[in-house]
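Visitor: Please take one part of this model and go through it closely. I would like the interface, together with whatever is bound there.

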Amino acid sequence: MRIITVIRQVLDAEESVRVRGGVVDLEGSKLVMDTMDEYGVEEALCLREAAPGETPVEIVALAVGPERAEESIRTALAMGADRGVHVVTEVTLDAIALSAVVAQVARDESAELIFCGGQQADWDSQALGAATAERLQWPQATWTSQLERKGPMLVGKHEVDEGSETFEVELPAVVTTQQGLNEPRYPTLPNIMKSKKKEIRKQPLEAFGVTPKLKVLGAEIQVKERRRKILDGKDAAAAAEQLVKMLREEAGVIA
Amino acid sequence: MILMVAEQMSGVLSKSAYELAQAARQLQSELPEAGEVTALVLGSGVAAAASAAALIADQVLVADLPALAQYDAEIWSSAVAQIAGEGEAQVVLIAGSRSGREYSPRVAVKLDAPLLEDVIRLQYEKAGEAGDGTLRAEHYTFLSRVTERIETQAKVVVLTVKPGSFGTVAPGNTPAEQFDVDLELPQRRLKVTGSIKEKTGRIALTEADVVVSGGRGVGTQEGFAQLVEGLADQLGAAVGATRAVVDAGWRPYSEQVGQTGKTVQPKLYIAVGISGAVQHLSGMNKSKCIVALNKDADAPIFKITDYGIVGDVKEIVPAMIAELRK
Ligand SMILES: Cc1cc2nc3c(=O)[nH]c(=O)nc-3n(C[C@H](O)[C@H](O)[C@H](O)COP(=O)(O)OP(=O)(O)OC[C@H]3O[C@@H](n4cnc5c(N)ncnc54)[C@H](O)[C@@H]3O)c2cc1C
Ligand SMILES: Nc1ncnc2c1ncn2[C@@H]1O[C@H](COP(=O)(O)O)[C@@H](O)[C@H]1O
């Protein structure tokens with residue numbers, strides 16, 4: 001069985017965002033594999049480890065993005081993925097356009113399972129997994145917090161608006177991840193060394209013939225002015241009294 | 001046609017439907033050529049929801065079928081795409097709920113349409129001869145820290161509307177006409193084998209004016225009940241939690257606020273023992289007034305706080321409850 005894990009390289013959540021000239025400026029910022037995608041890579045590894053000796057499982061890490069995205073593929077390879085596919089482009093694709101690329105790679109690779117982040121930390125989109133599933137005419141399980149393979153079936157749990165559901169779905173399928181699915185492993189030094197020799201196939205985006213239908217006009221950071229009135233709570237009663245008074249009289253947010 | 005998918009829960013029209021109607025009416029006023037606002041109600045036993053929808057739309061299409069008793073992404077997207085295709089919808093509005101955001105991409109792919117996700121503002125302009133409008137929208141990116149402006153030109157556009165962004169329409173007096181629709185639906189492939197409902201008796205998190213949320217700083221599950229629920233009861237507020245608290249099993253996931261939980265923007269948000277990780281802030285940083293109680297003066301939450309107290313929540317919260325009771 002072949003599993004594709006979709007990798008996105010995003011701004012480290014600890015870094016502050018900067019906008020310059022109407023675009024988010026990532027120059028000089030720390031970029032990492034999206035944590036949501038780490039869950040996907042880890043889960044693929046777990047599925048393989050849970051069924052040693054059965055059908056061989058090959059794990060392919062796929063990234064679509066500029067040259068630097070290769071770093072995140074390397075991270076996936078160092079975690080244990082077998083090889084990488086890098087569709088190289090400077091063009092920013094929206095999720096619907098990107099799903100056409102992911103679906104095509106899945107077809108080329110005869111993959112049976114795709115992992116994708118539940119929401120990407122850069123464009124705050126939740127659409128990639130579902131759009132890819134639709135293009136392949138596969139079912140999808142989104143926001144998955146538990147997963148197990150039983151023969152041709154995936155059995156798991158996922159989170160919905162008010163609570164969670166247990167589910168069964170037959171492969172092939174798209175699974176999107178959620179925090180709590182697993183604890184991604186750290187690459188060990190020997191695995192980092194080994195990963196340097198693993199293959200990353202490069203393909204130009206042009207080979208896929210996709211054009212984004214969305215145009216980004218601009219971006220800005222709208223900072224809401226906050227009052228920043230912070231009281232010392234050593235005397236709890238006095239601080240509470242003052243806070244409640246301010247909330248009532250100054251902010252007018254409680255009766 | 002401007003198609004809006006009116007969500008219902010247990011037969012009751014959801015608040016999101018009134019928000020979609022508001023957005024749809026705005027688009028209609030900007031581009032009258034787009035035509036009627038058509039509400040689509042999907043489900044089983046949804047007569048009441050359909051009647052409610054008839055007071056906010058120009059016409060209502062109802063698919064009241066046993067096969068629609070339970071939500072499924074493939075079935076929902078198939079239904080919506082059929083109706084949008086047959087009615088030559090120019091815009092398809094879907095609620096930015098978890099399910100809405102899950103099936104809307106499939107609708108977009110089926111219609112070969114662009115998808116605008118979780119929009120907070122919209123503007124419609126007439127463009128070419130073909131009548132294709134230019135739709136401009138704003139949405140948040142980078143864990144809700146950046147506001148991005150996007151634009152698309154297409155025969156049909158699919159969009160999801162961020163809850164709480166558009167206000168609600170007031171229902172009219174004369175109900176619009178309702179039509180039953182026939183649909184060809186696919187088989188369900190994701191089999192739901194069990195469901196854990198986590199609805200509490202409290203006011204819904206995303207609809208509350210006041211939210212009191214607790215983090216690991218409340219110490220224990222009992223501490224959460226005493227401090228966070230205690231304060232929420234006093235204020236008639238909804239209860240929220242951080243991922244750390246949900247992971248610890250102190251609170252259900254349905255109460256989680258943040259990137260991978262719910263987004264709230266109440267008039268007042270009180271963070272009790274919450275550090276303010278960017279993933280949490282992403283779910284509440286648009287709140288109108290933010291209050292933080294934390295013993296660490298350097299906790300990141302204080303950077304976006306209007307009012308705060310540096311101190312032990314075990315002392316501060318009981319003092320606040322006592323003060324509010326006065
Ligand atoms: C992909 C991903 C998605 C995530 N999604 C979410 C999400 O949706 N929502 C979310 O909340 N998190 C999310 N997280 C987790 C997030 O990064 C933080 O780990 C989490 O928000 C921390 O929760 P906390 O503030 O309760 O705990 P902590 O960070 O441990 O903070 C506890 C705070 O309590 C204070 N404190 C302790 N004792 C006391 C006391 N007696 N009195 C007063 N103050 C006290 C401490 O000073 C500290 O600031 C996500 C993480 C990842 C990687
Ligand atoms: N989608 C994402 N959401 C949140 N954090 C992310 C995301 N992608 C990458 N990160 C990073 O993951 C780190 C959290 O990792 P950890 O401490 O291992 O849980 C954050 O500090 C961010 O740098």
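**The interface and its ligands**

Guide: Start with a single contact: Lys213(A) and Asp112(B) form a salt bridge, their closest N and O atoms being 2.7 Å apart. A salt bridge here is a side-chain nitrogen of Lys or Arg within 4 Å of a carboxyl oxygen of Asp or Glu. The model is predicted, so local features need pLDDT of at least 70 and side-chain atom pairs count only at pLDDT 80 or more, while totals for chains, interfaces and linings use all residues. Residues are numbered from 1 along each chain as its sequence is written, chains are lettered from A and ligands numbered from 1 in the order in which they are written, and side-chain values use heavy atoms, with hydrogens and water left out.

Between chain A and chain B there are six salt bridges. Polar contacts join 48 residue pairs across this interface, both residues at pLDDT 80 or more. A polar contact is a pair of N or O atoms within 3.5 Å; within protein, one must be able to donate a hydrogen and the other to accept it, and residues adjacent in sequence count only if both atoms are side-chain atoms.

Several elements of chain A each supply at least two residues to the side that touches chain B, among them helix H3 (95–108), strand E9 (140–150) and helix H6 (236–249). The largest share, ten residues, comes from H6(A). Helices (H or I, at least four residues) and strands (E, at least two) are DSSP runs, numbered from the N terminus. By class, this side of chain A has 40 nonpolar, 17 polar and 25 charged residues. Ala, Val, Leu, Ile, Met, Phe, Trp, Tyr, Cys and Pro count as nonpolar, Asp, Glu, Lys and Arg as charged, and the others, Gly among them, as polar.

In total, 82 residues of chain A are in contact (heavy atoms within 4.5 Å) with 82 residues of chain B. The area buried between the two chains is about 7,100 Å², and carbon and sulfur atoms give 54% of it. Buried area is the accessible area (1.4 Å probe) that two parts lose on being put together, summed over both.

Now the ligands. Residues from both chain A and chain B surround ligand 1, so its site is shared between chains. A residue counts as near a ligand if one of its heavy atoms lies within 4 Å of it. The shell of ligand 1 holds 28 residues, with Arg216(B), Thr242(B), Gln256(B), Thr260(B) and Ser275(B) the closest. An oxygen atom of ligand 1 lies 2.7 Å from a polar side-chain atom of Thr242(B). Two backbone contacts involve nitrogen atoms of the ligand: one at 2.8 Å from an N or O atom of Val257(B), and one at 2.9 Å from a polar atom of Val313(B). Alone, ligand 1 exposes 980 Å², of which the protein buries 83%. Accessible areas come from the Shrake-Rupley method with a 1.4 Å probe; for residues, only the protein chains shown count as cover. The shell has six nonpolar, 16 polar and six charged residues.

Ligand 2 also lies between chains A and B. Its surrounding residues include Val10(A), Met33(A), Gln259(B) and Gln279(B). Three side chains of chain A make polar contacts with ligand 2: Asp12(A) at 2.6 Å from an oxygen atom, Glu14(A) at 2.9 Å from an oxygen atom, and Asp34(A) at 2.4 Å from a nitrogen atom. The protein covers 67% of the 500 Å² of accessible area that ligand 2 has on its own.
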